[in-house]
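Welcome! Please take a moment with the sequence and the 3D view below, and then we will walk through some of the features together.

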Amino acid sequence: MKEFVISEAQVETAILVGLITQAQDERKTNEYLDELAFLAETAGAEVVKKFTQKLPTANSVTYVGKGKLEEIKEYILNEEENEREVGMVIFDDELSAKQIRNIEAELKVKILDRTSLILDIFAMRAQTANAKTQVELAQYKYMLPRLQRLWTHLERQGGGSGSGSGKGGSVGLRGPGETQLEMDRRIILNRMSLLKERLAEIDKQKATQRKNRGRMIRVALVGYTNVGKSTIMNLLSKSEVFAENKLFATLDTTVRKVIIDNLPFLLSDTVGFIRKLPTDLVDSFKSTLDEVREADLLVHVVDISHPGFEEQIEVVNKTLADIGGGGKPMILVFNKIDAYTY
C-alpha cells in the first residue's frame, strides 16, 4: 500500500511544479510554490528546482503540457547523470488518478501533489490516538479514488472456486470473479466505517468534556499555519504547548484555563489552516474543529511579517465560514512584528 509518511533518514530531493492560470497570476503562483517548498521541507525533503508553466487550465492528462513534461524529464535525467538523483516531483494542485499515472509513466519518479504532501505531514505530526485516527481516515478518503494507480500490480482475479458472475460465492469471498482491486476497495471502505465509528465515540467524549467544563467563556486561537498560535498560547497560559517554526506543528487541540485581570476563561489552540487545505482533512478533523465552532470568542492570529498576510486572513475567514465558525466575535492579533519589514 502507498506510504504517506516520508520517513527515510536521508534527505530526499524534490522538484516543484505549478501553473500560472487565468485565476492565478505569476506572483501568486510563486507564493504558492514557496509555501509548497516549506511543506516539502517540513516533510523532510529538499527542493532543488521549481518549474512553472502558463496555461488557461491544468492539462487533464498530464497537468502540464507535453513540452514542459519533457523539460522536467530532461532535468531529472541530467541530474541522474551527475549522480544527483531526484527523489520526487510535487505538484501544487491535487492530481487525478489518471494524471498521476501518466506523469509517473513519463518521469519514472515518485509523484506527489499538495494534498498527499499535507497528508504526509499530518501523519508524521499526529501524536494522539484521536489525531492518528483523523489522519488515517483522511488518507483513505484520498486513496480510494486512486486505488487503480496504487494497486495496478494487483489487478488480477481473486482466488476461489465455483462459477457464476463473480458476485456470489462462499462467506468472506464474494466470488471468484472479484478482482484484487475490488477486494482492496471493500477492505478500505470497511476500515473507513470503523474509523468513523471511532471518531463518533471521540466526538461524544469531547462533547461531554466540554459540558463538564461548565459555563466558562471559551476562547479559540485560530489562524494560518505557522503564524505563532502555540507561542501565544504558551505566553498567555504560562504552559509548554509544543511550538516549532514548521507547518502544522500543532494537530491536537490543547485547552488551558487562563486568568487575565481576574477574568477566568478557557483558551484552546487549534490546527492551523492553509490554502488549498484538503476537504477530506477538514471533514476528518471535525472533532478538533468543534472547539472553534463552540467558542464564544475567536482570536485570529496573523503573521504580519508574511508578504501575503492579507490573503492568509481571507483563507482563514473562508475556512471558518466553511466549518460553521463564521460570524463569531473575533479579535485580530498581528504577530511577528519584530520580523516585519517596511
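## A helix to start with

How far does helix H5 (residues 129–143) reach from its first C-alpha to its last? The answer is 21 Å for its 15 residues, close to the 21 Å expected at 1.5 Å a residue. Please keep in mind that this is a predicted model.

Is H5 mostly covered or mostly open? H5 is mostly covered, with twelve of its 15 residues buried. The buried residues of H5 begin with Asn130, Ala131, Thr133, Gln134, Val135 and Glu136. The list of buried residues in H5 then goes on through Leu137, Ala138, Gln139, Tyr140, Tyr142 and Met143.

## The protein as a whole

Stepping back, you can find eleven helices and nine strands in the protein. Of its 342 residues, 49% are buried. The surface that the protein exposes comes to about 17,400 Å², and carbon and sulfur atoms supply 50% of that area.

The contacts also say something about how the chain comes together. Among contacts in the protein with a separation of 6 or more, 70% are between residues 24 or more positions apart.

## Where two helices cross

Now look for helix H1 (residues 26–43) and helix H4 (residues 114–125), whose axes come within 9 Å and cross at roughly 35 degrees. H1 passes H4 in a left-handed crossing. On the H1 side, the contact is made by Tyr32, Glu35, Leu36, Leu39, Ala40, Thr42 and Ala43. H4 brings Arg114, Leu117, Ile118, Ile121, Met124 and Arg125 to the contact.

What kinds of residues meet here, between H1 and H4? They divide into nine nonpolar, one polar and three charged. Here is a general point that may help as you look along a helix: an α-helix has 3.6 residues a turn, so residues three or four places apart point the same way.

## Another helix and its end

Helix H11 (residues 309–322) has 14 residues and reaches 20 Å from its first C-alpha to its last, close to the 20 Å expected at 1.5 Å a residue. Buried in H11 are Glu311, Gln312, Ile313, Val315, Val316, Thr319 and Leu320. Just after H11 comes glycine 324, with a positive phi of about 85 degrees.

## Two residues with a positive phi

Most residues other than glycine have a negative phi. With that in mind, two residues are worth finding in the view.

Tyrosine 63 is not a glycine, yet its phi is positive, at about 65 degrees. You will find tyrosine 63 in the loop between strand S2 (45–54) and helix H2 (66–81). Is tyrosine 63 buried or exposed? Tyrosine 63 is buried, because its relative accessible area is 1%, under the 20% cut-off.

Asparagine 262 is not a glycine either, and it has a positive phi of about 65 degrees. Its place is the loop between strand S6 (254–260) and strand S7 (263–269). Asparagine 262 counts as exposed because its relative accessibility is 75%, over the 50% cut-off.

## Distant in sequence, brought together in space

Isoleucine 20 belongs to strand S1 (residues 12–20) and counts as buried, at 11% relative accessibility. Along the sequence, isoleucine 20 and proline 56 are 36 residues apart, while their C-alpha atoms are 7.9 Å apart in space. Not counting residues up to four places away in sequence, isoleucine 20 touches Asp25, Glu26, Thr29, Thr52, Gln53, Lys54 and Leu55.

Aspartate 290, in helix H10 (residues 286–293), counts as buried at 8% relative accessibility. Which distance separates aspartate 290 from alanine 207 in space, C-alpha to C-alpha? It is 8.8 Å, although aspartate 290 and alanine 207 are 83 residues apart in sequence.

## A last stop in a strand

Phenylalanine 334 sits in strand S9 (residues 330–335). Phenylalanine 334 is partly exposed, because its relative accessible area of 43% falls between the 20% and 50% cut-offs. Leaving aside neighbours within four places in sequence, phenylalanine 334 is in contact with Val302, Ile304 and Phe309. The C-alpha atoms of phenylalanine 334 and valine 227 are separated by 9.2 Å, with their positions 107 residues apart along the chain.

Definitions and conventions. Residues are numbered from 1 along each chain as its sequence is written. This is a predicted model: local features need pLDDT of at least 70, side-chain atom pairs count only at pLDDT 80 or more; totals for chains, interfaces and linings use all residues. Side-chain values use heavy atoms; hydrogens and water are left out. Helices (H or I, at least four residues) and strands (E, at least two) are DSSP runs, numbered from the N terminus. The expected span of a helix is 1.5 Å times one less than its number of residues. Buried means under 20% relative accessible area, exposed over 50%, partly exposed in between (1.4 Å probe, protein chains only). Axes are lines fitted to C-alpha atoms, for helices over the stretch in contact, and angles run from 0 to 180 degrees between N-to-C directions. A crossing is left-handed if the near helix is turned anticlockwise from the far one by less than a right angle, and right-handed if clockwise. Contact means heavy atoms within 4.5 Å. Ala, Val, Leu, Ile, Met, Phe, Trp, Tyr, Cys and Pro count as nonpolar, Asp, Glu, Lys and Arg as charged, and the others, Gly among them, as polar. Accessible areas come from the Shrake-Rupley method with a 1.4 Å probe; for residues, only the protein chains shown count as cover.
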